[in-house]
Amino acid sequence: MSGYPVDGIARMHHVGIQVADLDRSLAFYEGLLGFEVITRQVRGEAYAGEVVGYPGVELHLAHLRPPNSSVVVELTEYRGVQRSPVDTSTANPGTAHTCYVVDDVEAVHTALLAAGVRPVSRTIVSPEIGIAKGGKVVYVQDPDGVRVELLQLPPSPPS
């Protein structure tokens with residue numbers, strides 16, 4: 001691909017995550033992380049199957065907003081079509097992660113682990129370089145293994 005930018009992108013609308021069980025994922029994102037459910041719907045129209053490449057699919061989806069954010073996360077459960085879990089290990093091409101700023105990474109991490117959330121990182125780390133230098137970061141997994149980064153930003157320097 002050569003370097004010609006596409007003219008016309010106005011803004012990002014949402015990030016989509018395919019899930020095995022929408023209710024289970026809502027328990028994580030809404031129940032544990034505190035996201036607000038904006039919409040929840042079922043789409044089975046022919047155009048929806050055409051767009052996603054699965055004619056006849058029934059999409060069970062929810063749009064959520066993380067606290068204090070304008071970002072929208074779309075969780076989609078595909079029904080009526082063949083599905084296979086993917087290896088979501090962090091280094092695998094095609095996988096993704098989402099990152100959320102938290103005020104107290106230790107408290108959030110401890111609460112998530114107590115609720116049975118699977119960790120990725122063995123420990124909370126404090127980056128020595130980059131945009132998170134002086135902050136704290138750790139990865140956990142959502143119910144389908146999608147990586148969720150919890151980032152406590154470094155303290156602001158005194159003015």
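A pocket here is an open set of points on a 1 Å grid over the protein atoms alone, where a 1.4 Å probe fits, with protein on both sides within 12 Å along at least five of seven lines; a lining residue has an atom within 4 Å of a point. By that yardstick, the largest pocket has 23 lining residues, and Gln18, Val19, Ser84, Pro85 and Val86 are the ones nearest its centre. Keep in mind that this is a predicted model, where local features need pLDDT of at least 70, side-chain atom pairs count only at pLDDT 80 or more, and totals for chains, interfaces and linings use all residues. Residues are numbered from 1 along each chain as its sequence is written, and side-chain values use heavy atoms, with hydrogens and water left out.

**The chain overall**
- The chain has three helices and seven strands; these are DSSP runs numbered from the N terminus, with helices as H or I of at least four residues and strands as E of at least two.
- Going along the sequence, you meet them in the pattern β-α-β-α-β-β-β-α-β-β.
- The C-alpha trace spans about 55 × 45 × 30 Å along its principal axes.
- Of the 159 residues, 31% are buried, where buried means under 20% relative accessible area, exposed over 50% and partly exposed in between, with a 1.4 Å probe and protein chains only.
- Taking contacts (heavy atoms within 4.5 Å) with a separation of 6 or more, 52% come from residues 24 or more positions apart.

**The largest pocket**
- Its space comes to about 750 Å³, a volume being what is filled by probe spheres set on the grid points, which are joined across faces, edges and corners.
- Strand 1 and strand 5 (97-101) are the elements that give two or more residues to the lining.
- Strand 1 has the largest share of that lining, with four residues.

**The four-stranded sheet**
- Four strands make an open sheet in the order 1-4-3-2, with mixed pairing; two strands pair if DSSP finds at least two bridges between them.
- Strand 1 (15-18) and strand 2 (36-43) are the edges: each has a single partner strand, so one side of each lacks a neighbour in the sheet.
- From one strand to the next, the twist averages 20 degrees; axes are lines fitted to C-alpha atoms, for helices over the stretch in contact, and angles run from 0 to 180 degrees between N-to-C directions.
- Strand 1 runs parallel to strand 4 (residues 73-79), joined by four bridges, and Ile17 sits opposite Leu75 of strand 4.
- Helix 1 (residues 22-32) lies across strands 1, 2, 3 (58-65) and 4, at about 5 degrees to strand 3.

**The three-stranded sheet**
- The second open sheet listed here has three strands in the order 5-7-6, again with mixed pairing.
- Strand 5 and strand 6 are at its edges with a single partner strand each, so one side of each is left without a neighbour in the sheet.
- The twist here averages 25 degrees from one strand to the next.
- Helix 3 packs on this sheet, touching strand 6 and strand 7, and its direction makes about 15 degrees with that of strand 6.
- Strand 6 and strand 7 pair antiparallel over six bridges, with Val138 opposite Leu150 and Gln141 opposite Arg147.
- Their hairpin has five residues between the strands, and Gly145 there has a positive phi near 90 degrees.
- Five of the six residues of strand 6 are buried.

**Nonpolar cores**
- The largest nonpolar core has 22 residues, and those with the most contacts inside it are Ile17, Tyr29, Phe35, Leu64, Leu75, Val148 and Leu150; such a core is a set of buried Ala, Val, Leu, Ile, Met, Phe, Trp, Tyr and Cys residues joined through side-chain atoms within 4.5 Å.
- Helix 1 gives the most to this core, four residues.
- Phe35 touches Tyr29, Leu64 and Val73, among others, not counting residues up to four places away in sequence.
- A second, separate core has five residues, including Ala48, Val57, Leu61 and Tyr78.

**Loop residues**
- Asn68, in the loop between strand 3 and strand 4, counts as exposed because its relative accessibility is 87%.
- The phi of Asn68 is near 55 degrees, a positive value in a residue other than glycine.
- Thr123, in the loop between helix 3 and strand 6, is in contact with Val137 and Val138, leaving aside neighbours within four places in sequence.
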